[in-house]
Each structure stands twice: as C-alpha cells, then as structure tokens.
Amino acid sequence: MSHDRPLVVVADETLFDEILRLAAAVGCAAQHAPDLVAARGYWARAPLVLVDEQAVHDGLPRRPGILLVTKGSPLAETWRRAFEAGVEKVVSLPDGEATLIGVLADIAEGPGVPGGCVVGVLGGRGGAGASVLAAASGLVAAEQGEALLIDCDPLGGGVDLLLGAEAYDGLRWPGVLVGSGRISLPTLTKTLPERRYRGGRLPFVSCDRMGQGPTAESVASIVEAGRRAGSVVVCDLPRHLGPQAEAVLRRADLVVLVVPAEVRACAAANRVAETIAEVRDHTRLVVRGPASKGLCPEDVAKAVGLPLLTFMPPEPQLERSLEAGRFEPRSRGPLVTAARLMLSEARSGLCGKASAISRQVDPIERRLAEKDS
C-alpha cells in the first residue's frame, strides 16, 4: 500500500464510487479497505482516513485525521460514536462535496506552495494593448517559474490567437468544465494548451470564437488553484466588468490599467478607474507610448488618478508579427521590461502601500530596447 494515499474504509459500494469520483476530480489516488480488519496494516500511516457509518459502529482505533463520510445526515447514535472515536469532521454527501474535494486536494497537492500571486490586466480604452501586455506577462512569468494565463474576455477574440497558438490542442472556454469547488492545478493543466517561450511553458485558458466565456465560479476556482500551486496567474480582463472579472479583482495582488498616452484615452480610463475603485490601493498604471505631444506619463497618471508603474514605449514590429501569427516579445524590449516590473510589483507586497515614487523604464533598459529596434 502507498503511504501517501488517503485510506477509504467504506463498505457501501455506491458511497465508495462517489468518493472515488471526487478524488479523481482533484487527482488524488485513494487506497481502499472494505473494513477495519483489512485496513489494520495501513491505519496509522495513512495521511487521511475516510470512513463510513458502518466503520464507526464497528469501533474505530483512535488517530488524528479521521473523516466520516455519509449519504445524507447521520443518525444521532452515529454522531455520538464518531465523537467518542475522535472523528475530526463529518461530511454528508451530496451537500458536503466541496468540503471533501478540498480535503482530498490538500492530500494530492501537498502543502500550499509559496510565491503564488494573481495579476489582473485591463485596458483604459478599447485597443489599449492590455491583452498583449497580459500575454507578455504570462510568458515572462513562465520563463521565471510556474505561470498560468487566463482569458476572461469572451469578446476579445481569444488569447490563443494572440499567442499564435490557435491550432494548439487543449480545452478552451466554455469547454473547461470547472465548477465552484476546489480543483487541482496539475490535473487541470494536463487538459490545457501550452505555449513555450525561452525555456518556459505557459498553460493558458483561452476563450473560443464560439460559445460563452467562463463563469465567475470557474474563474475563481482556477485562480485559487493557481495561487495554491505557487503559480503566477495573469488574467486578461474586459473593460466592461462582469462577474468573471470581479472574481479576479477580489483575489488580485496587483491590477494593471493600460492607458495609451492620449487625451481621449485618459478620459476613458478615468471612467474605467471609477469602476475598480474598490481595488484602487493595489492598482497601478502602465502608460503606453507613443505619447501625444506635450503629454507625459505623469500627466496621464494625474488625469486617471492612479499611481504610475511604468511608461511602455512601442514594441517595434509588433503589429506586423501579430498579423503573421507570431508573438515573440524581445527579451529586452518594452513589453518584457514592463512585464518584469509588473511581476516584481505583484510579488513585492508593496501594493496597497503609499509610494511617493512613480517608476519608469530604467534608462539603460530603454537604450537597450532602442538599440534592439
């Protein structure tokens, strides 16, 4: 018997099949014993033990980590015996499915991995370049470690097209069937397309050209799974916020508003900023060039009323590459430079704290970008 699997001591075949179904949903392999006698050799070493009412009435040896799983509410006598045996939790199915999935996912995934964070990116006006920056940030995050890109804009045409990965195998929204419960990121990413960049691998969930986009519950579940797994989760958000985007905003460590350096864009972005006022303390501004004559990044930040993170000059040849189905941001170009700043800000824990210094692209990085062009 494997010692890292939960032990399921359940005689009822219907209940056992239901537990196996929930365990499979989070990639958790279980060890089965039909009764306490068969479970004796593994009882003390299993990380978790799931028992049914019959096992409780047979008399459980005491140990930590025992869960009683029942179909419907247990009898009063079962409650008494479970309490006497030191059962830590009683889970009644089907109402307690989410609870049981969460417990099984903890076993499958192990302790939460530090370093996970969530970044939401949206545009101050249509065509601001938010999707491009979100995609570049996902690729940079994947180059640095574990990352996930989530497309939350069903009217955006699909982030897979932007990545040049529309022909890649894998599920898109709405085919990613995720509910409101706990999910395992490793299990999910096996079903997703994956974009490679400079040695990194970026799994992504893209909207399709047909059908509905994601639900708020599915977005929330995937975002939480990514954070628990220690991934950087980058979310491409629509300007017109719906429940899906709000699910991200509630969980985001950093929200980035991309605004072209234009007067009309400032006016539009000001309205967008009003809609995300609740997350203003950890929202930063990326101003995209070229700048209109006489309009500097600090002017845009003042007009929109948000702290400036960086000014992002135009990426040479970007439009031509995107039209040709190629998305390979230059390692020292404006997109990658801005993406690195965003990821550093999200990880730094400085979001939400007042800062008197607005950061711009480092002059050396700017010169290198100009030299590459």
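Start by selecting strand S1 (residues 7–9) and strand S3 (residues 49–51) in this predicted model. The two strands run parallel and are joined by 3 bridges. Within this pair, Val-8 stands opposite Leu-50 in S3.

Next, widen the selection to the whole sheet. It is open, is built from 5 strands with parallel pairing, and reads S2-S1-S3-S4-S5 across. Its edges are strand S2 (31–33) and strand S5 (89–93), each of which pairs on one side only. Step from strand to strand: neighbours are turned by 25° against each other on average, direction ignored.

Now add helix H1, which packs on this sheet. H1 touches S1, S2, S3, strand S4 (66–71) and S5, and its direction makes about 115° with that of S4.

Then show helix H5. H5 lies across S3, S4 and S5, and runs at about 125° to S5.

Hide the strands and keep the two helices. How do H1 and H5 cross? The axes of H1 (residues 13–25) and H5 (residues 97–109) come within 9 Å and cross at roughly 60°. The helices are therefore oblique to each other, and their crossing is right-handed.

Finally, display side chains where these helices touch. On the H1 side, pick Glu-18, Ile-19, Arg-21, Leu-22 and Ala-23. On the H5 side, pick Glu-97, Leu-100, Ile-101 and Leu-104, which those H1 residues meet. Coloured by class, the contact of H1 with H5 shows 6 nonpolar and 3 charged residues, and no polar ones.

Key: Residues numbered from 1 in each chain as written. Predicted model: local features only at pLDDT ≥ 70, side-chain atom pairs only at ≥ 80, totals over all residues. Heavy atoms only, no water. Axes fitted to C-alpha atoms, helices over the stretch in contact; angles between N-to-C directions. Helix = DSSP H or I, 4+ residues; strand = E, 2+ residues; numbered from the N terminus. Parallel < 35°, antiparallel > 145°, perpendicular 65-115°, else oblique. Left-handed = near helix turned anticlockwise from the far one by under 90°. Contact = heavy atoms within 4.5 Å. Nonpolar A, V, L, I, M, F, W, Y, C, P; charged D, E, K, R; others polar. Pairing = 2+ DSSP bridges.
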